[in-house]
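Biologist: Could you take me through one part of this protein up close? I'd like to look at the aromatic rings and what sits around them.

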Amino acid sequence: MDGGGDGTVRLGALSFRPDRALDLAQDVGVSSPVTRQKAAAAKQFIENHYKNHLQGLQDRKDRRRALQRRAQEAQVSSEEQQEMLRNLERKETAYMRLQRRKVGMDDFEQLTFIGKGAFGEVRLCRAKNTGEIFAMKKLKKSEMLSRGQVEHVRSERNLLVEVDSRCIVQLYYSFQDSEFLYLIMEYLPGGDIMTLLMREDILSEDVARFYIAESILAIHSIHQHNYVHRDIKPDNLLLDRNGHLKLSDFGLCKPLDDKYSTILLEDDGLICQENPSGSSGHSGADGAPWLMPKDQLLRWKRNRRALAYSTVGTLDYMAPEILLKKGYGMECDWWSLGAIMYEMLVGYPPFCSDDPRITCRKIINWKACLKFPDEPKISEEAKDLICHLLCDVETRLGTGGVEEIKAHPWFKSVQWDMLYEMEAAYKPTVNGELDTQNFEKFPEVEGPPSSTPTVGPWRKMLTSKDNNFIGFTFKKSDVLNSLESSENKTNSRISMRTTGADLKPQGVSRTPSLVSLLGRMELLENETSVEEQRPED
């Protein structure tokens, strides 16, 4: 480094004058959009890499402290504690080696086709190394880009990574190739609430109460992380093999920085103005045209599954503030839950129609259109709860917090802390881990196989299509423990195999537990030593 007579400081081949700020704006201005896009993608990749690195470091520190604390509580000798810590370090090294191994489509065997949507499909798959069964959600990149769904799939992935709750479907891996995005999630063989309603037509109040209560816990679990779901409906409420409910399909979820969001419904053709026919919205004779004849109701029930798979979807559970293009927040999810509760007890949603525009008008004119039929009979407390969910935002239960809903008299017999420990109100028939009888049957459609590699160096992914999805890859930090305890997480006890102690403290931590580090890691060490590591993507 040397200095010039004019005050210029020379750093090798670079010259810098102290009286002139370093101006990068000019370089940014002359760079092409593709260059700026690639730079932003590289920036995001590097930020994600170091964020994950620092999080892993913190997790390892937490595990070490937890082991030391539990050893002290069990009054393990200092020599044994040192041996336990050395054992932990060896397992941590093996565990990090396992975590660095990249996951792709080559690691899974594709099985039965169990679902489809506007942008992709869902099918069972089997992990080739462990034989575990998962549900694979496969989304086509070109469709996501052409229909403006990039932020939606990113929000879904981020929510599944961020929210660690037994009330929602668990994500184990996310990865991509040049054509598709993949989400590898737990498989819930019990089907969904829509299937249950189509089979039973109506539910008893006891069964409905159980599933509405578990739905409240599930919705609240994402609200706690400042997400609004925006698509609460029966086909997004899945059942595990024991009949317990989990919330799924977060493709329309949105993180909220403030209490209210100004998100608008994208399809303006379905947005209706309030009182479009000029009616005053009073009940009585004016409400008769809103009633749905029995033959139309039966036709709606027959076609409901097809409507759920359509691009437009169903408006039956959508809150009026969304349809009216008003600002809205998390309370729109509680309206949807009220519509589901009505359907469980009555047999159809409160505002259903063959025509989506009529459904839209009914929802906007809910004061005139919300009616309870003479049959089936439902309790006054159930009606009161429905009416306090299907109402204006200002008076809607849940606007002031979830405790408002929990305190309603209809839930007086609910033990909220024990819902997922007790026997479910309904237990689906499940015959084996590959059983799909609780899902609709779909014809297998085989597309042409991709000629591109499923994984590869991340630099090769910086194309105009793929750089939109940088940072999508995820691997659950403790897949083994999650699989082992997914049936009953809260009853699992973390066991540690050590040289001189057997410590079994209660609880499950958000950081990877020691059960996989000290209990099952050796099952995979041979595999990782034989199999070559894949390149970074």
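**Aromatic rings up close**

Modeller: Sure! Searching the whole structure, which is a predicted model, turns up 15 aromatic pairs. One of them joins Y342 and Y348: this pair is edge-to-face, with 6.4 Å centre to centre and 65 degrees between the planes. That angle earns the label because anything over 60 degrees counts as edge-to-face. Y342 has 2% relative accessibility, so Y342 counts as buried; the cut-off for that word is under 20%.

Now hop over to W410 and F411. These two also make an edge-to-face pair, at 5.3 Å centre to centre and with 70 degrees between the planes. W410 is down at 1% relative accessibility, so W410 counts as buried. F411 comes in at 2%, so F411 gets the buried label too. W410 has a charged partner as well: the charged end of R209 sits over the ring of W410, 4.7 Å from its centre.

Elsewhere you'll find a whole group of rings. F108, F134, Y172, Y173, F175, F180 and Y182 form one aromatic cluster. Pick out F180 from that cluster and look for K138: the charged end of K138 sits over the ring of F180, 4.3 Å from its centre.

Zoom out for some context. The protein chain has 17 helices and 17 strands, and buried residues make up 50% of its 537 residues. Count the chain's contacts with a separation of 6 or more, and 72% of them are between residues 24 or more positions apart. As for the outside, the chain exposes about 27,000 Å², with carbon and sulfur atoms supplying 50% of that.

Methods:
Residues numbered from 1 in each chain as written. Predicted model: local features only at pLDDT ≥ 70, side-chain atom pairs only at ≥ 80, totals over all residues. Heavy atoms only, no water. Phe/Tyr/Trp six-rings, centres within 6.5 Å; stacked < 30°, edge-to-face > 60°. Buried < 20%, exposed > 50% of the residue type's maximum accessible area, 1.4 Å probe, protein only. Lys NZ or Arg CZ within 6 Å of the ring centre and 35° of its normal. Helix = DSSP H or I, 4+ residues; strand = E, 2+ residues; numbered from the N terminus. Contact = heavy atoms within 4.5 Å. Areas by Shrake-Rupley, 256 points an atom, 1.4 Å probe, with all protein chains shown as cover.
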